[in-house]
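Here is a brief structural report on one protein chain. Keep the sequence and the 3D view at hand while reading.

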Amino acid sequence: QCWRVSRGAAESDWNARLHPEWGKHRISDELAKANNGVPLVIPNTVRSILEKASLWKPTETLKKPLNQ
């Protein structure tokens, strides 16, 4: 299983550089698609990998307004 994470890490990094607009779910889905539908990494692992590579740029989350 270690090779799967290593391969997933390398491909996550590559996809993030080629497609900076892709999010963690899209990268995870594309990796699975390239692996005959078998998931290599889950979206949160993609995020961890990209954070370690300084490629993760968190977006601003919009807070719901309180009911007034």
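From the N terminus on, the elements run α-α-α. The model is predicted. Its chain comes to three helices and zero strands. The first of these, α1, covers 2–18. Next comes α2, at 24–34, and then α3, at 43–52.

**Overall figures**

The chain has 68 residues, and 26% of them are buried. About 5,500 Å² is exposed. Carbon and sulfur atoms supply 55% of that area. Consider the contacts between residues at least 6 apart in sequence: 43% of them join residues at least 24 apart.

**Core**

Which residues form the largest nonpolar core? There are eight: Ala16, Trp22, Ile27, Leu31, Leu40, Val41, Val46 and Leu50. Both α2 and α3 supply at least two residues of this core. In soluble globular proteins, nonpolar side chains tend to be buried together.

Helix α2 has a buried set of its own: Lys24, Ile27, Ser28, Glu30, Leu31 and Ala32. Two of the core residues, Ile27 and Leu31, appear in that set. Charged residues appear there too, namely Lys24 and Glu30.

Val46 is a core member. Leaving out residues up to four places away in sequence, Val46 touches Ser12, Lys24, Ile27, Ser28 and Val41. Of these partners, Ile27 and Val41 are also core residues.

Is Ser28 buried or exposed? Ser28 sits in helix α2. Its relative accessibility is 7%, so Ser28 counts as buried. Beyond four places in sequence, Ser28 touches Val41, Ile42, Pro43 and Val46. Val41 and Val46 in that list belong to the core.

**Pocket**

The largest pocket has a volume of about 320 Å³. Its lining takes in elements α1, α2 and α3, each with two or more residues. Which helix gives the most to the lining? The answer is α2, with three residues.

In total, 16 residues line the pocket. Nearest its centre lie Pro20, Trp22, Leu55, Trp56 and Lys57. Trp22 is also part of the nonpolar core. By class, the lining has eight nonpolar, three polar and five charged residues.

Leu55 also figures in a pairing that is distant in sequence. Arg17 and Leu55 are 38 residues apart along the chain. In space, their C-alpha atoms are 7.8 Å apart. Arg17 is in helix α1. Arg17 counts as exposed because its relative accessibility is 53%, and the cut-off is over 50%.

**Positive phi**

Most residues other than glycine have a negative phi, and most peptide bonds are trans. Which residues other than glycine have a positive phi here? Asn36 is one, with phi near 55°. Ser54 is another, with phi near 60°.

Asn36 follows α2 and lies in the loop between α2 and α3. Ser54 is placed in the segment after α3. Why does Asn36 count as exposed? Its relative accessible area is 75%, and exposed means over 50%. Ser54, at 63% relative accessibility, is exposed too.

The accessibility values for the residues discussed one by one are set out below.

| Residue | Place | Relative accessibility | Class |
|---|---|---|---|
| Arg17 | helix α1 | 53% | exposed |
| Ser28 | helix α2 | 7% | buried |
| Asn36 | loop between α2 and α3 | 75% | exposed |
| Ser54 | segment after α3 | 63% | exposed |

Conventions:
Residues are numbered from 1 along each chain as its sequence is written. This is a predicted model: local features need pLDDT of at least 70, side-chain atom pairs count only at pLDDT 80 or more; totals for chains, interfaces and linings use all residues. Side-chain values use heavy atoms; hydrogens and water are left out. A nonpolar core is a set of buried Ala, Val, Leu, Ile, Met, Phe, Trp, Tyr and Cys residues joined through side-chain atoms within 4.5 Å. Buried means under 20% relative accessible area, exposed over 50%, partly exposed in between (1.4 Å probe, protein chains only). Helices (H or I, at least four residues) and strands (E, at least two) are DSSP runs, numbered from the N terminus. Contact means heavy atoms within 4.5 Å. Accessible areas come from the Shrake-Rupley method with a 1.4 Å probe; for residues, only the protein chains shown count as cover. On a 1 Å grid over the protein atoms alone, a cavity is a set of points where a 1.4 Å probe fits but cannot get out, and a pocket is an open set with protein on both sides within 12 Å along at least five of seven lines; lining residues have an atom within 4 Å of a point. Grid points are joined across faces, edges and corners, and a volume is the space filled by probe spheres set on the points.
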